[in-house]
Amino acid sequence: VAVRNANRICGAVALAVAAVVGWEARNLVILTAGVPGPGLLPKLAALGTALCGLGLLLSRPGESRRLEWPAGDVGRKIVGSIAALCVYVGLVPATGFLLATALFTAGLTGWWGGYRWWVAVLIGVGAAVAMFVLFDLLLGAPLPRGLWS
Amino acid sequence: VESIHHLFGGLAVALQPTNLLFALFGAVLGTLVGVLPGLGPTATIALLIPVTAGMDPLPAIIMMAGVYYGSMYGGSTTSILINTPGEAATVMTCLDGYQMTLQGRAGVALGISAISSFIAGSLSIVGLMFFAPVVADLALSFGPVENFALMFLGFTVVISLAGKSLLKGVLSCSLGLILASIGLDEVQGSPRLSFGTAALLNGVDFIAVVVGMFAIPEVLEGIEQSATGTLIRTTLRGLFPTWQDWKASCWPILRGTALGFGVGLVPGGSGTVATFLTYDLEKKLSKHPERFGKGAIEGVAGPEAANNAVTGASMIPLLTLGIPCGAVLAALMGALMIHGLRPGPLLLGSNPTFVWGLIASMYIGNLMCLLLNLPLVGLWARLTLIPKPILGPAILVLCFVGTYGVRNNMFDAWVMVSAGVAAYFMKKAEIPVVPLVLALVVGPNLETALRQSLAMSKGNPLIFVTHPISLVIMLLAAASVIVSLRGRSRV
């Protein structure tokens, strides 16, 4: 699917980011008695963002490139995968790494690959256990235990 | 002579069993991530940082450097065999490498690719050995004004080379500087852009941003390109090129090495740029330019030499000036700083064992890559057939594990997810992510140099053009912008 005016959308988003950053940094000092303060970099960066945003927003329609967004099943898979990733990260502290990872991996593998449900579950459980053993038990990088703590 | 003396000292360090083991591990891991889609060297190095945090710095950085050059070897394997570049720097290898595979000469293409990578990699390390002390000595005389100018030059070159639009490059860089500003101000300790939340007071963790931005879009794009590459059944025998092949490849390898080394020295120069330039040069110099794109061995040898020459050369600005030339180097710089090493002119003097041990290990690692790649090429090729529906979710989980492991907090995991999703949209909108990552990593140093310089001049920004060295660097920065403006769109 072609999204028209992609550059203008980017410009508007950049301007919004610059406005939020500019507002949050409003009390930070840029320069006091010739000595630069903590506001110098954030305000310069916000100004840069705003100017680029303005440039993109005011770009002529002919120059405004179209953004190709994947349509149909592929588009649904991408949005669904992002949503699944968010649910996964939200779930980990509650259920612990093992259960959340098994569910996430099994779900995505089954959905993307069209495997039978028990194959997907097997892959999910295998991946979760393998990573837990490798990182938590062998490499000593503690992973959230959630329910099992 | 002094450099050779130091190198022998470095070799003694690099040949210690632990360091050898980590060089081997890095080379294997690098080849693996070069071969497999979804997890490039940048995200891998970032993911290794928390895992290696408790280790000695030398074996940890040796392993990460191994990942860097190993990925260049691995990336070319998939370019040649399935016409899919594992790394951006091996895109040009597809053009003639895959044609050679179609013509039943996959073995020779893989052979010349590995050999030219080895020759160029080794020669560039020789260059690194001799140039690093010279540049470090020169940089010792630099003050904050010159340091700011150098970092500014790095930004302008990266912005000029990344993506099609200058405006989008500057936007990406500005966003990176905003992210770098978040947290407590280093000088006065006042909170900046924390939006009243305690989590943002510690700043945005660059590992979370790098991992998210480089791994998640790759996985999502993998869904778009649902078809897995088909491995063409071909003989991998005859990996060693014939005399004719050697004759055709010899000069392209040397020219690719020289060009790649030169590009790698420039802050902002990348392997991708070096391979494009080398391919173009070889095509122009060839008596039969029409053979390019149809299986010309020069089209594999030159670019493969160039991208490996960049790896050694780009270590010079990183180790001696503290300026990373690209995203991989930015991740490596982050790793150095987390291990308490500050890249810059003082590093060579204060930590000679570390620097020379690293350089020596790169020699050994390059040899390991050569030995790993030629006999095991069948195995690497088969790895590309792992189905994406299995690989993708596993990579996403790996991103979570690596990011969470840095500070054991869920906030970083959310930063990783947000950065990944943002990077996917940025790629769609043709906004390059490399300037953002570079700004995030170099931002704190850039700000320190800027504030020190302006404090010296009582707030007068003209200080950057009144110091002669700084003026020259600023003029170079302006030139890089002007050159990039010609023949490219503004938006």
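# A walk through chains A and B

B:Asp245 is buried, with just 7% relative accessible area. That makes a handy starting point for a tour of this structure, which is a predicted model. What does B:Asp245 pair up with? Its side chain meets that of B:Arg105 in a salt bridge, with N and O 3.3 Å apart. B:Asp245 sits in helix α10 of chain B (residues 243-265), while B:Arg105 is in the loop between α5 (91-102) and α6 (106-140), so the bridge ties together parts of the chain that are 140 residues apart in sequence. The two partners don't share the same kind of setting: B:Arg105 is partly exposed, at 29% relative accessibility, whereas B:Asp245 is buried at 7%.

Over all chains, the count of salt bridges comes to 14. Several of them join up, and that's the next stop. B:Asp185, B:Arg192, B:Glu447 and B:Arg451 form a linked network of salt bridges. Take B:Arg451 and B:Asp185 to begin with: their closest N and O atoms are 2.7 Å apart. This pair links distant parts of the chain, with B:Arg451 in helix α20 and B:Asp185 in the loop between β1 (183-184) and β2, 266 residues away in sequence. Both B:Arg451 and B:Asp185 are buried.

Now for B:Glu447 and B:Arg192, whose side chains meet in a salt bridge at 2.6 Å, N to O. B:Glu447 belongs to helix α20 of chain B and B:Arg192 to strand β2, so here the bridge ties together parts that are 255 residues apart in sequence. B:Glu447 counts as buried at 8% relative accessibility, and B:Arg192 is buried too, at 3%.

Let's stay with B:Arg192 for a moment. Strand β2, where B:Arg192 lies, covers residues 191-192 of chain B. Which residues does B:Arg192 touch, leaving aside its neighbours within four places in sequence? From chain B, the list has B:Ala180, B:Ser181, B:Ile182, B:Gly183, B:Asp185, B:Glu447 and B:Arg451, and from chain A it has A:Leu28, A:Pro38 and A:Pro42. With A:Pro38 there is a polar link as well: a polar atom of the B:Arg192 side chain lies 2.8 Å from the backbone oxygen of A:Pro38.

That takes us across to the interface. Chain A puts 60 residues into the contact, and chain B puts in 60 as well. Between them the two chains bury about 5200 Å², with 81% of that area on carbon and sulfur atoms. How many salt bridges run between chain A and chain B? The count is 0. Polar contacts do turn up, with 5 residue pairs across the interface. On chain A's side, the elements that each supply at least two residues are α1 (6-24), α2 (40-57), β4 (67-68), α3 (72-95), α4 (97-113) and α5 (117-138). The largest share, 12 residues, comes from α3(A). Sorted by type, the side of chain A that touches chain B has 42 nonpolar, 13 polar and 5 charged residues.

Back in chain B, have a look at helix α14, which runs over residues 327-338. Its 12 residues reach 17 Å from the first C-alpha to the last, close to the 16 Å expected. Of those 12 residues, 10 are buried, so α14(B) is largely enclosed by the rest of the structure. Among the buried ones are B:Ala327, B:Val328, B:Leu329, B:Met333 and B:Leu336. What do the buried residues of α14(B) pack against? Their partners in chain B are α3 (41-52), α4 (57-82), α9 (206-224), α13 (315-321), α16 (352-373) and α20 (434-456). Just after α14(B), B:Gly340 takes a positive phi of about 80 degrees.

Two more residues of chain B round off the tour. B:Ser457 sits in the loop between α20 and α21 (463-466). At a relative accessible area of 17%, B:Ser457 is buried, and its side chain reaches the backbone oxygen of B:Asn460 at 2.7 Å. Then there's B:Phe8, found in helix α1 of chain B (residues 2-14). Is B:Phe8 buried or exposed? With 56% relative accessibility, B:Phe8 counts as exposed. Measuring from C-alpha to C-alpha, B:Phe8 is 13 Å from B:Val126 in space, and the two are 118 residues apart in sequence.

Definitions and conventions:
Residues are numbered from 1 along each chain as its sequence is written. Chains are lettered from A and ligands numbered from 1 in the order in which they are written. This is a predicted model: local features need pLDDT of at least 70, side-chain atom pairs count only at pLDDT 80 or more; totals for chains, interfaces and linings use all residues. Side-chain values use heavy atoms; hydrogens and water are left out. Contact means heavy atoms within 4.5 Å. Buried area is the accessible area (1.4 Å probe) that two parts lose on being put together, summed over both. A salt bridge is a side-chain nitrogen of Lys or Arg within 4 Å of a carboxyl oxygen of Asp or Glu. A polar contact is a pair of N or O atoms within 3.5 Å; within protein, one must be able to donate a hydrogen and the other to accept it, and residues adjacent in sequence count only if both atoms are side-chain atoms. Helices (H or I, at least four residues) and strands (E, at least two) are DSSP runs, numbered from the N terminus. Ala, Val, Leu, Ile, Met, Phe, Trp, Tyr, Cys and Pro count as nonpolar, Asp, Glu, Lys and Arg as charged, and the others, Gly among them, as polar. The expected span of a helix is 1.5 Å times one less than its number of residues. Buried means under 20% relative accessible area, exposed over 50%, partly exposed in between (1.4 Å probe, protein chains only).
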